[in-house]
Amino acid sequence: MTAKFDQDDDSVVVIIGSGAGGGTLANELAQKGISSVVLEAGGVFENDDIENDEWGMFLKLTDFDKRYSAGGWHGAQNHPTLPNWLVKGLGGSTVHWAGVSLRFHEHEFKMQTVNGDIQDANMADWPITLEELEPYYDRAEIKMGVTGKATGMPHLPWSNDFRVLAEGARRVGYTKIESGPMAINSVDRDGRPACQQIGFCMQGCKIGAKWSTDITEIPAAVETGKCEVRTNCMVLQIEHDESGKATGVVYADADGNQQRQAARVVAVAGNSIETPRLLLNSASSMFPDGLANSSGQVGKNYMVHVNGGVYSEMPERVHIHRGTQVAGIVADEVPNNPERGFIGGYHLEKLTLGLPVMSLFLKRGNGAWGRDLAQALERYDYLSGVYIVGEDLPQEQNGITLHDTEKDQHGLPVPIVSRTPHNNDERMLKHAYGVMDKIHDAMDAKTTHHLAKYPASHNMGTARMHEDPARGVVNKWGQTHDIPNLFISDGSVFTTSGAANPTLTIVALVIRQAEYIAQEMNANNI
Amino acid sequence: MSIQTEHPKFKKRESEGLSRRGFLVKSVLAGVSATAIVGAGNNAFAATLNEDQAATLLQMVQDIFPHPDFLPLSIYQDVLKGVLTEAESTEETATLLAEGLKDLNARSTELHGVPYADVDAYAKREGLLRIIQDGAFFQKLRWATWAGIYINPEAWPQFGYEGSSWEHGGYIDRGFSDATWLPPGPTLEERMKAVGK
Ligand SMILES: Cc1cc2nc3c(=O)[nH]c(=O)nc-3n(C[C@H](O)[C@H](O)[C@H](O)COP(=O)(O)OP(=O)(O)OC[C@H]3O[C@@H](n4cnc5c(N)ncnc54)[C@H](O)[C@@H]3O)c2cc1C
Ligand code: SF4
């Protein structure tokens with residue numbers, strides 16, 4: 001039932017990217033009978049490509065297209081040409097995501113109202129509330145197969161590693177301790193098996209227990225006969241007519257030849273670096289600052305979540321590598337409580353690192369070698385630890401810009417990803433380190449390591465949602481204020497970051513957006 | 001030249017009783033074309049690197065990620081074989097190694113009166129390497145050693161890291177939650193109840 005659309009068929013929705021946002025949108029539209037062409041820059045990872053090999057899969061999955069890191073964050077120093085950890089391929093970064101599927105809390109949609117203006121931050125409220133999004137969170141959880149009440153799937157069984165965190169957290173007085181919600185089957189469901197505790201979720205789930213769009217949304221969309229997926233097709237530019245309406249896209253096909261695809265609606269879901277880059281690269285005489293950029297906010301307010309890793313040597317073996325990489329979350333520090341010295345909150349998420357990645361991040365930089373590091377690694381099997389995920393404040397100067405001279409393989413300027421943490425980030429991180437040290441101390445930890453930070457994996461905010469067209473790029477449907485038939489369908493639309501890993505919210509927003517697109521198409525408004 | 005594959009653990013020089021250099025070089029050279037390293041020939045490597053230097057490199061890779069009494073010497077020998085093999089065919093690498101060693105030994109002689117491999121204390125050798133750690137010579141050996149240990153499945157068992165698991169059915173029945181020193185997690189019934197089932 002594979003659909004094939006003519007390149008000048010201007011009745012289709014063109015969707016750029018096939019990850020969490022793009023894959024979901026394609027399926028939602030297809031189920032409503034709306035035709036789409038998905039253009040995906042990367043190729044297909046077959047099941048045979050998926051190996052339980054942490055380093056090998058890092059090399060295989062990671063998008064190594066040229067991007068520069070700038071600003072005062074760790075990226076600029078530690079991995080200056082790999083600011084982000086992305087996948088370019090069918091399914092996008094959902095191929096290697098861990099599956100944590102947390103909802104935003106109510107206050108996280110209105111951080112400005114709750115906390116007032118914050119110096120050096122570009123604070124704003126979302127134009128939507130938790131209440132409005134709740135039904136879509138339910139639908140997202142059912143679609144993705146998220147453990148919890150909406151699906152009735154129990155959270156995953158507790159691994160040794162999580163039992164360390166849970167017991168330590170309990171000893172210091174925490175109570176919000178759960179092995180979910182995860183978009184990983186804890187029972188056979190929806191044609192996918194229950195998790196076998198293989199332990200390589202971030203290398204691609206070999207058995208498909210974890211939701212990723214390449215094995216769920218995309219095949220389901222294609223099945224309807226309403227969706228054509230073209231892989232190895234990188235969109236270079238979005239085109240528009242004299243009235244300022246989007247008319248289609250120019251893309252490079254697998255052979256590097258330029259092609260065009262006409263469109264009735266264009267939806268961009270390239271993740272928060274490539275999405276603003278494409279808008280900026282699509283500048284024209286009518287839109288000299290880039291498409292949908294009358295607010296000047298395209299590429300600005302880039303957020304990544306306050307994050308850090310804390311691993312400690314426990315008195316007994318943990319076998320951290322056995323079992324789901326993340327399946328265990330402590331949520332007591334999520335509420336907004338400025339008395340702690342910062343606004344916003346954070347999650348503590350148990351996270352497995354294999355020996356390869358542990359050896360790379362326990363210490364970082366040219367000096368990461370020697371007896372101390374080697375001895376710490378000899379205790380690998382005793383290590384237990386977490387990933388801290390906290391609210392990161394939007395700042396206008398943090399963002400994506402185009403390189404003045406350097407071009408990519410298609411002749412387009414490469415992106416520069418700049419970020420300098422806000423003071424609030426630093427204070428939150430310090431607090432979180434303190435809490436983790438206490439939790440691990442409570443478990444009689446012998447030594448504690450604060451790890452070097454990873455390349456950014458949660459990317460948000462670079463085409464943000466705001467009621468006021470002067471202050472944001474899209475409205476509450478993800479529709480650009482400037483161009484009614486141009487939509488943004490990924491984490492770029494986040495007004496603020498919350499303390500929740502972003503994907504569930506991306507999917508919920510896109511389900512809601514698909515309804516709106518269908519409604520507006522039916523009404524002939526777009 | 002004998003091939004020393006049966007050497008299970010790294011043994012410190014002091015406990016060895018053998019001429020360290022003779023022993024080390026033999027081991028390093030096992031499996032690598034010796035003529036390419038010490039024999040006559042017209043490649044840059046043969047001209048620039050001798051057995052002493054190979055022995056120094058072996059000391060270096062052991063000092064970069066030292067796991068004495070933990071990893072077998074063969075892990076480090078393999079690291080060095082890889083580097084030496086590359087130097088055989090790549091003049092740039094051969095020169096990098098030869099000049100790096102010359103520089104390291106000069107610093108060592110200046111500070112401690114003996115070449116690097118004869119400096120007896122780890123802390124002193126580490127100190128020397130810290131001085132050169134930002135250079136290409138050191139970083140080349142550091143990454144080669146890193147790869148030879150931490151992404152090498154042969155070294156993993158010693159760390160308790162078990163590698164690929166899907167072909168064994170994951171850990172669902174193989175100890176993902178086997179710790180007896182921790183309170184157990186909730187039962188399936190409790191987890192079902194928590195989601196309203
Ligand atoms: C290791 C890791 C673990 C993670 N774990 C979690 C987690 O547990 N929970 C969570 O919520 N999030 C997690 N994330 C983040 C999660 O992966 C992202 O939030 C999510 O995938 C973003 O969806 P997206 O649609 O915006 O982008 P992606 O999923 O990255 O998809 C974007 C796609 O667009 C394509 N594309 C880009 N530009 C173009 C172009 N010009 N033309 C054509 N195609 C283009 C790309 O090739 C890519 O396939 C994790 C990320 C990493 C790196
Ligand atoms: S632990 Fe579960 S989700 Fe992760 S790779 Fe294994 S089966 Fe898949």
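In this predicted model, two helices of chain B make a good starting point: α4 (residues 51–64) and α8 (residues 136–150) have axes that come within 9 Å and cross at roughly 65 degrees. Angles of 65 to 115 degrees count as roughly perpendicular, so α4(B) is roughly perpendicular to α8(B). As for its hand, the crossing of α4(B) and α8(B) is right-handed.

Chain A brings in the ligands. Around ligand 1 there are 36 residues, and those that come nearest are A:Gly21, A:Glu40, A:Ser93, A:His96 and A:Thr503. By type, this shell splits into 16 nonpolar, 16 polar and 4 charged residues. Several polar contacts involve nitrogen atoms of the ligand. The side chain of A:Thr503 places an N or O atom 2.8 Å from a nitrogen atom of ligand 1. The backbone takes part too: a backbone N or O atom of A:Ala98 sits 2.9 Å from a nitrogen atom of ligand 1, and a polar backbone atom of A:Val235 is likewise 2.9 Å from a nitrogen atom of the ligand. Taken alone, ligand 1 would expose 990 Å², but the protein buries 96% of that. Which elements give two or more residues to the shell around ligand 1? In chain A these are the helices α1 (20–31), α8 (271–281) and α12 (503–522), along with the strand β6 (234–240).

Ligand 2 also has its surroundings in chain A. The residues around ligand 2 include A:Cys195, A:Cys201 and A:Cys205, and also A:Ile184, A:Phe200, A:Lys210 and A:Thr324. Sorted by type, the shell of ligand 2 holds 7 nonpolar, 4 polar and 1 charged residue.

A few spots in the backbone of chain A deserve a look as well. Most residues other than glycine have a negative phi, and most peptide bonds are trans. Against that background, the peptide bond from A:Gly180 to A:Pro181 is cis, with omega near 0 degrees. A:Pro181 belongs to the loop between β4 (177–178) and α7 (217–223) of chain A. Two asparagines stand out for their phi instead. A:Asn271 is not a glycine, yet its phi is positive, at about 75 degrees; this residue lies in helix α8 of chain A, one of the elements that contribute to the shell around ligand 1. A:Asn301, also not a glycine, has a positive phi of about 60 degrees. Its place is the loop between α8 and β10 (306–313) of chain A.

Methods. Residues numbered from 1 in each chain as written. Chains lettered and ligands numbered in written order. Predicted model: local features only at pLDDT ≥ 70, side-chain atom pairs only at ≥ 80, totals over all residues. Heavy atoms only, no water. Near = heavy atom within 4 Å. Polar contact = N/O pair within 3.5 Å; in protein donor to acceptor, adjacent residues only side chain to side chain. Areas by Shrake-Rupley, 256 points an atom, 1.4 Å probe, with all protein chains shown as cover. Helix = DSSP H or I, 4+ residues; strand = E, 2+ residues; numbered from the N terminus. Nonpolar A, V, L, I, M, F, W, Y, C, P; charged D, E, K, R; others polar. Axes fitted to C-alpha atoms, helices over the stretch in contact; angles between N-to-C directions. Parallel < 35°, antiparallel > 145°, perpendicular 65-115°, else oblique. Left-handed = near helix turned anticlockwise from the far one by under 90°.
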